[in-house]
Structures are given as C-alpha cells and as structure tokens.
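Trainee: I should like to learn how to read a protein model. Would you please guide me through one, feature by feature?

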Amino acid sequence: MTCTYTDIPKLGFGFMRLPEYERDGEKVIDIELVKGMVDAFMDAGFTYFDTARGYHGGKSEAALREAVVERYPRESFQVATKLPAWMAKSADHARAMFDKSLSQTGAGYFDFFLLHNLGEDRTKLFDDWGLWDFLAEKKEAGLIRNLGFSIHDKADALEEVLAAHPAVDFVQLQVNYADWESETIESRKCYEVARAHGLPVIVMEPVKGGSLVKLPDAAVDVLYGVNPEASLASWALRFAASLPGVLTVLSGMSTLEQVRENVRALAAPEPLSDVEANALVQVRAILNGIPTVPCTDCRYCLKSCPQDVRIPTALASLNILALYGDEHRAQENYDWNASDGPASSCIACGICEGVCPQHIAIVDELARAAELFEGDAR
Ligand code: SF4
Ligand code: SF4
C-alpha cells in the first residue's frame, strides 16, 4: 500500500493536551483558546490534526470538529484519529467506535486512521476482533484514505505486526533524541524497522510529553552553548523532523505560545549540523548518567506476576520523575499504561524479583510508585 500524502508540513497539532479550565468542578476544554491556536497553526501553513477517542475523556474529537472542521474547508487540512480496541467491551463496541469518531469529528472521512496503541497484549485484541479487516472495508468505502497504527512496544513487536499486516500505509512511532538508543523504547530500532518496510513515519512524543523541555541544568548548558537562541523544544522537534521518511511530527500543544514556538521551529526545518547532532549525543550521555531504576523492559517479570502488575510501566514512570522531575508526564504515563495493573495490587510474593535479570528490588519500587501515582497518596 502507499500513503496518499508524501509532503505534509512537518508539524502536526496533537489534540491530547488542549488547554482546559474548571467549571462546576469539571474540566472543560477552552475551545475559544483552541480556535486561536488552530488559526495560528493554519496561518503558518500547517495542516495536520491528530486526535483520538480517548483524549480528554472522549472530548477531543468534538473539540476538533468545533475548532477545525466547522471553520475550515475540508480539503485544507488532514484529520487523524484512532480506534482504541482495548477500551471496548466487545468487538461490536470496538467497531461502533469508528462511526462514533466519524460523527464526533464531523470530518466525513479520515485522511489518516490508526489502530491505537498496539503493543504487548493489546495487539492481539485487534486481530481477535477482526478490526484490521473491518477498517480495510472502511478504507475501501472511501472513509479512510490512509490506514496505519500507533505502537508502544519494541522493534521486534513492530516487525511482527508489519509481517502480519503488510498492507498498512504508515506507522506512528515514539521518536525522540533521548530515547533514540533506549533499551526500553527502542526509538531508533523501531524507526529503522518501519523504514525497512518502506513506510512513512508519523512521530509522536518528539518532546517526550514535554519532558525534554525540563532537562537537567548540565544538559541545558550543552544546548544553549551551541545555540543560545534555540528553545529546548525546537531541538527535539528538529531532531525528529530531520529524519528521512518522517511525514510529520506531532506536538500536543497547550498554549498559543507553544504553537508559535513550534511553528517557528518547523516552518523551514534545517537538518541538524554535526555540531548540533553531537550536542544531542552529549545530552543523552548526561541523562544516562542520572541514577534510575535499571529496568530494561525485558518483561520477564510480567510473565510471572500473578497480579498482572504493569511492573516496567510503573518503573518507567519513576524514571521519568528521576530524569526530568516531570510529575505531570510521569503521572500521565502511569495513568495511560498501568491503570489495568496498578502497583498497589502487588501482593509482595517476590516471584518477579526472582526472575529479574537486573536484580531490581521490585516490591519496594512498586510501593514507591503506588504512593506517588495512585489515589490519595498522590
Ligand atoms: S511481588 Fe508483586 S509485582 Fe512481583 S510478582 Fe508478586 S505480585 Fe507481581
Ligand atoms: S524483569 Fe526486571 S528488568 Fe525486566 S522488565 Fe521486569 S523489572 Fe524490568
């Protein structure tokens, strides 16, 4: 299959961290501010909007309709949304999500449609419920122009999905300079697998959910030493945008200032010079030198845990805190990826510690994670 788009402006507007305010104790998307952000984005020549059923408690798709679809000619922008089968109660429920997304966004058709968040045991669900065939039919019917998937897993898992489903048009991957050589995220390896299959890549989390603008001082000094004018976000965005085969780079923007800064960074993105690329290598080395829980995400522990505790995810949240001091991002990672196996459900049987090749004191670390990320202890 071939992606129908080859040349999209390199910044995509992610509708997952929109500005909100409180009304009667409830969080409400600040739609007037979002409209202003959308206008600044479109005025600068950018056209790609990314949403999903699960964002903002199910309100993101409707916000996209109000701020974009109802205000601009349909062919002047692209809409991407996603089907999260793992949120559904049944195959029928999962299928119904497609029509719901069509009505919520009002988009008429999707330029890009994704099976959302493949990886680990989530991947199987999409196969078991026949969703690949279901979405291929929607594409055949003209309701999807390009079909792909996002995945949060390692390169081997990506290879398996692509071998089983070679007819995809694109993939969406976590790519950022901090995780480029990471043993847990495998940014580079995943990117290389996608490219080996000839697929364009849409980049998610280029700024690691905002963590890469919260670098330790030593890392900030390296980047400002090379270019005192460049924002920390611009380094991360340019790294991702300059990779061959990257269709666009998503940023979940929350303020008008972020939109302005990001469109400046990617209006005419220059590839990184050797000096700049080397500066990012130095930043990676600084981050690698910060003590963290030494989990390599090998997942041996997952196979033996009687409680299905999401052990590596909980440890990854602890590490986001240690590396970037980024409480919001650590919590977000925990809420998205560990809620179906929270650290607090650990019964301290110790089986996982017996199989962990890194000899991590998992029970103690999970107690720390539960205290930091769950319930009243937050
Ligand atoms: S100690 Fe906790 S996390 Fe480890 S295997 Fe037992 S229940 Fe699972
Ligand atoms: S076995 Fe140890 S290193 Fe492997 S994922 Fe579990 S905690 Fe991490």
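Mentor: We shall go from the whole chain to its strands, then to one residue, and finally to the ligands. Please bear in mind that this is a predicted model.

Trainee: How many helices and strands are there in the chain?

Mentor: The chain has 16 helices and 10 strands. Its radius of gyration is 20 Å, close to the 21 Å that the globule rule gives for 378 residues, so the chain is as compact as a globular protein of that length. Along the principal axes, its C-alpha atoms fill a box of roughly 60 × 55 × 50 Å.

Trainee: What share of the residues in the chain is buried?

Mentor: Buried residues account for 54% of the 378. Contacts tell a further part of the story. Among those between residues at least 6 apart in sequence, 76% join residues at least 24 apart.

Trainee: Let us turn to a strand. Is strand S6 mostly covered or uncovered?

Mentor: In a regular strand, side chains alternate between the two faces of the sheet. Strand S6, residues 110-118, is mostly covered, with 9 of its 9 residues buried.

Trainee: Which strands are joined to S6 by bridges?

Mentor: Strand S5 (residues 78-83) runs parallel to S6 and is joined to it by 4 bridges. Strand S7 (residues 144-151) also runs parallel to S6, with 6 bridges between them. Leu 115 illustrates both pairings: it is the bridge partner of Leu 83, and it stands opposite Phe 149 in S7.

Trainee: What unit do S5, helix H3 and S6 make?

Mentor: Together with helix H3 (residues 91-105), strands S5 and S6 make a right-handed β-α-β unit.

Trainee: Now a single residue. Why is Lys 35 classed as buried or exposed?

Mentor: One compares its relative accessible area with a cut-off, and buried means under 20%. Lys 35 is therefore buried, because its value is 18%. Lys 35 is found in helix H1, residues 31-43. Leaving aside its neighbours within four places in sequence, Lys 35 is in contact with Glu 66, Ala 67 and Arg 71.

Trainee: Finally, which residues surround the ligands, and how do they divide by character?

Mentor: One lists the surrounding residues and then sorts them. Around ligand 1 the residues include Cys 305, Cys 346, Cys 349 and Cys 352; this shell divides into 10 nonpolar, 2 polar and no charged. Ligand 2 is surrounded by 13 residues, and the closest are Cys 295, Cys 298, Arg 299, Cys 301 and Cys 356. The shell around ligand 2 divides into 9 nonpolar, 2 polar and 2 charged.

Conventions:
Residues are numbered from 1 along each chain as its sequence is written. Chains are lettered from A and ligands numbered from 1 in the order in which they are written. This is a predicted model: local features need pLDDT of at least 70, side-chain atom pairs count only at pLDDT 80 or more; totals for chains, interfaces and linings use all residues. Side-chain values use heavy atoms; hydrogens and water are left out. Helices (H or I, at least four residues) and strands (E, at least two) are DSSP runs, numbered from the N terminus. Buried means under 20% relative accessible area, exposed over 50%, partly exposed in between (1.4 Å probe, protein chains only). Contact means heavy atoms within 4.5 Å. A residue is near a molecule or strand if one of its heavy atoms lies within 4 Å of it. Ala, Val, Leu, Ile, Met, Phe, Trp, Tyr, Cys and Pro count as nonpolar, Asp, Glu, Lys and Arg as charged, and the others, Gly among them, as polar. Two strands pair if DSSP finds at least two bridges between them. A crossover is right-handed if, with the strands pointing away from the viewer, the path from the first strand over the helix to the second runs clockwise. The radius of gyration is taken over C-alpha atoms; the globule rule is 2.2 Å times the number of residues to the power 0.38.
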